[in-house]
Amino acid sequence: MLRVLGVDPGLTRCGVGVVEVAPNRRARLVHVTVVRTPADMALEQRLLRIADGIAAEIDEHRPDAVAVERVFAQANVRTVMGTAQAAGLALHAAAARGLPVGLHTPSEVKAAVTGYGNADKRQVQTMIARVLGLDEAPKPADAADALALAVCHAWRLGSPDRVGPGPATLTPAQRAWRDAQAGTADSPLARAAAAARPGGGAPFAPGRGGAARRAGSVGGQP
């Protein structure tokens, strides 16, 4: 089993989720939490609390790898700065423990989990619950986003272009990821996502289209 810890960075809410993924790409929830800091706390104290929270989760759950959302510039400089600072804390905690790190854009994570790179928050939450066999989506969105990052990274480590012995062994989300990788729109999930998009449209295929921005992140929270 591969254990991955995902971090959805943010100053106010920093999601941390841990999943285990079997060789057949079946995933299960290990733990999920959100490290919170009040907006009126001094910045250095907020960063210390987040750093301590991430470090504690890594030390307790001992992941094989850490996945962090890749931060992109946007018009709201204050938000992206806080997000980048929190992401840096996650990178430092992983490096200090000799853990490999994967950075994934919001669109990559959405495509991995839903088969559609422009999926909304609700779609990501719904699909991560299905992938992990949960009765309901983890809340708040930052928690679901952290789990989605972890699942995305684990599936990529398992070679997303090779999805296993056959389609019958895959979950709907995994089949959608396979189809998205191949640029195929003939996945029920991909078709549903495309239909839900204003004006319709083809499912997202990793590596195609423009650069993702934090404003369109998985969770979109600072």
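Helix α4 passes helix α5 in a left-handed crossing, and that is a good place to start looking around this predicted model. The crossing of α1 and α2, by contrast, is right-handed. Beyond the helices, there are 5 salt bridges to explore, and a nonpolar surface patch made by Leu91, Val101 and Leu103.

**Helix packing**

- Helix α4 covers residues 121-131 and helix α5 covers residues 141-157; their axes come within 9 Å and cross at roughly 55 degrees. That angle makes α4 oblique to α5.
- Helix α1 (residues 43-61) meets helix α2 (residues 77-96) with axes that come within 9 Å and cross at roughly 40 degrees. Here too the angle makes the pair oblique, because oblique begins at 35 degrees, below which helices count as roughly parallel.

**A buried residue in α5**

- Ala154 lies in helix α5, where its relative accessible area of 5% makes Ala154 buried.
- Follow the chain back from Ala154 and you will find Leu5 149 residues away in sequence, yet the two C-alpha atoms are 9.5 Å apart in space.

**Salt bridges**

- Arg3 pairs with Glu20, their closest N and O atoms being 2.6 Å apart. This pair links distant parts of the chain, with Arg3 in strand β1 (residues 2-8) and Glu20 in strand β2 (residues 13-21), 17 residues apart.
- Both partners are buried: Arg3 has a relative accessible area of 18%, and Glu20 has a relative accessibility of 13%. Each value falls in the buried class because the cut-off is under 20%.
- The picture widens with Arg28, which joins Arg3 and Glu20 in a network of salt bridges.
- Strand β2 also takes part in another pair: Arg13 and Asp142 meet in a salt bridge at 2.9 Å, N to O. Arg13 sits in strand β2 and Asp142 in helix α5, 129 residues apart. At 1% relative accessibility, Asp142 is buried.
- Asp59 and Arg97 form a salt bridge whose closest N and O atoms are 2.6 Å apart. Asp59 belongs to helix α1 and Arg97 to the loop between α2 and β5, so the pair ties together parts 38 residues apart in sequence.
- Asp59 is partly exposed, with a relative accessible area of 42%, and Arg97 is partly exposed as well, at 34% relative accessibility.

**Nonpolar surface patch**

- Together, Leu91, Val101 and Leu103 offer about 190 Å² of accessible area in their nonpolar patch on the surface.
- Val101 is found in strand β5 (residues 101-104) and is partly exposed, with a relative accessible area of 36%.

Terms used: Residues numbered from 1 in each chain as written. Predicted model: local features only at pLDDT ≥ 70, side-chain atom pairs only at ≥ 80, totals over all residues. Heavy atoms only, no water. Patch = residues over 30% accessible without salt bridge, like charges linked within 9 Å, V, L, I, M, F, W, Y side chains within 5 Å. Areas by Shrake-Rupley, 256 points an atom, 1.4 Å probe, with all protein chains shown as cover. Salt bridge = Lys/Arg side-chain N within 4 Å of Asp/Glu carboxyl O. Helix = DSSP H or I, 4+ residues; strand = E, 2+ residues; numbered from the N terminus. Buried < 20%, exposed > 50% of the residue type's maximum accessible area, 1.4 Å probe, protein only. Axes fitted to C-alpha atoms, helices over the stretch in contact; angles between N-to-C directions. Parallel < 35°, antiparallel > 145°, perpendicular 65-115°, else oblique. Left-handed = near helix turned anticlockwise from the far one by under 90°.
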